[in-house]
Amino acid sequence: MAFLVITGFLFFLWFISLFKVLLLPRIPFAKHFTHNGRAFRKRNVLLVIAHPDDESMFFTPTINFLTSKGHNVQILCLSIGDADGKGKIRKQELFQACVALKVPMQQVKILNHPDLQDGFGKVWNHSLLAKIIEKEITNCCIDMIITFDKYGVSGHCNHRDVHYGVTKLLHDTLQRDIEVWELVSTNILRKYSGPVDIWLSIFLAMLHSNGTMQCLVNVDSRRSFIAMAQHSSQWVWFRKLFVALSSYTYMNTLRKAEIQRIIQTVGTLDKKTSYCGGYGMCVLIVTHYNYTLL
Ligand SMILES: *[C@@H]1O[C@H](CO)[C@@H](O)[C@H](O)[C@H]1NC(C)=O
Ligand SMILES: *[C@@H]1O[C@H](CO)[C@@H](O)[C@H](O)[C@H]1NC(C)=O
Ligand SMILES: [Zn+2]
């Protein structure tokens, strides 16, 4: 009996939350990305990711939100995701996913650098990353970067290195007028709570009344599934499950990278090689193959 009540309650909670997610985009929210000060300012946003499918698996709420508000979104993917030798296919899949996400193909750049290859335990050079990203910023007049935080959602070392590369860039060019926002990694409970995480996400964003944390709600969650489905070589049952259960399908909490924090991080950066941990879905499926899962 108790089991039925709990299950019933969870279903109820899920649907109420889903309803909230569907409704919320109609309410003015995430003010920072809609009105900056008094006037609306169109931003050139660069989303920096490590692998084809990171954009669909983690960042669709952000992409959908920003494009729906008229911002210009560009994607820089630092590898073709060749850990399983499917790099060429995965590159094409990323272009297709971007069509689904309404990011024009010419605004998507995918690198295949010999020193930046997909893989668990492949350490990416932070200075090299910073150099590459800086070039992209200059070429495309970027004024906002969005990327992983230092845990990198799934703990994949490539995600974390991308974060450190951006951090290094920000540290080396402090005078630049560029905003960096990082995708907040949540604990495993929040991560797999689907739309239910909306309540806590909104609450946490509200706690930061100075606007350093923003909750972007997906204006079209269906598009996340469509985009992820373009990654056919990755679209296996457990990833389908992931996309349905993941809170990253429904919302993104972004935290503004603050200069003070950056300086502290970079101070310790050189001693650090990225820790290739990650529990995430790996708790569920622990095989060598699945480390590229997220
Ligand atoms: C990292 O990249 C920078 C810039 O390309 C290069 O100068 C440096 O030697 C590289 N470091 C290592 C350990 O490869
Ligand atoms: C913004 O608020 C948060 C939490 O209240 C605080 O930790 C952070 O330092 C503040 N940042 C700035 C720039 O005031
Ligand atoms: Zn990835």
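Which residues are around ligand 2?

1. In this predicted model, the surroundings of ligand 2 are made up of H208, N210, T212 and E258. Sorted by class, that shell holds 3 polar residues and 1 charged residue, with no nonpolar residue among its members.

2. Ligand 1 has a shell of its own, in which N125, S127, L128 and K131 are the residues found around the ligand. By class, this shell divides into 1 nonpolar, 2 polar and 1 charged residues.

3. Helix 6 covers residues 126–140, and its length can be checked against expectation: because each residue should add 1.5 Å, the 15 residues should span 21 Å, and the end C-alpha atoms are indeed 21 Å apart, which agrees. The residue that follows helix 6 is C141, and its phi is positive, near 50°.

4. On the question of burial, H126, L129, A130, I132, I133, E134 and I137 are the residues to look at in helix 6, as they are buried. When reading such a list, it helps to recall that an α-helix has 3.6 residues a turn, so residues three or four places apart point the same way.

5. Strand 7, residues 251–256, pairs with strand 5, residues 179–183, in the antiparallel sense, and 3 bridges connect the two. Within this pairing, R255 of strand 7 stands opposite E182.

6. Strand 7 is also joined to strand 6, residues 213–217, by 5 bridges, and these two strands likewise run antiparallel. Here a reader can locate N252 in strand 7 as the bridge partner of L216.

Definitions and conventions
Residues numbered from 1 in each chain as written. Chains lettered and ligands numbered in written order. Predicted model: local features only at pLDDT ≥ 70, side-chain atom pairs only at ≥ 80, totals over all residues. Near = placed C-beta within 6 Å. Nonpolar A, V, L, I, M, F, W, Y, C, P; charged D, E, K, R; others polar. Helix = DSSP H or I, 4+ residues; strand = E, 2+ residues; numbered from the N terminus. Expected span 1.5 Å × (residues − 1). Buried ≥ 20, exposed ≤ 12 C-beta atoms within 10 Å, placed from the backbone. Pairing = 2+ DSSP bridges.
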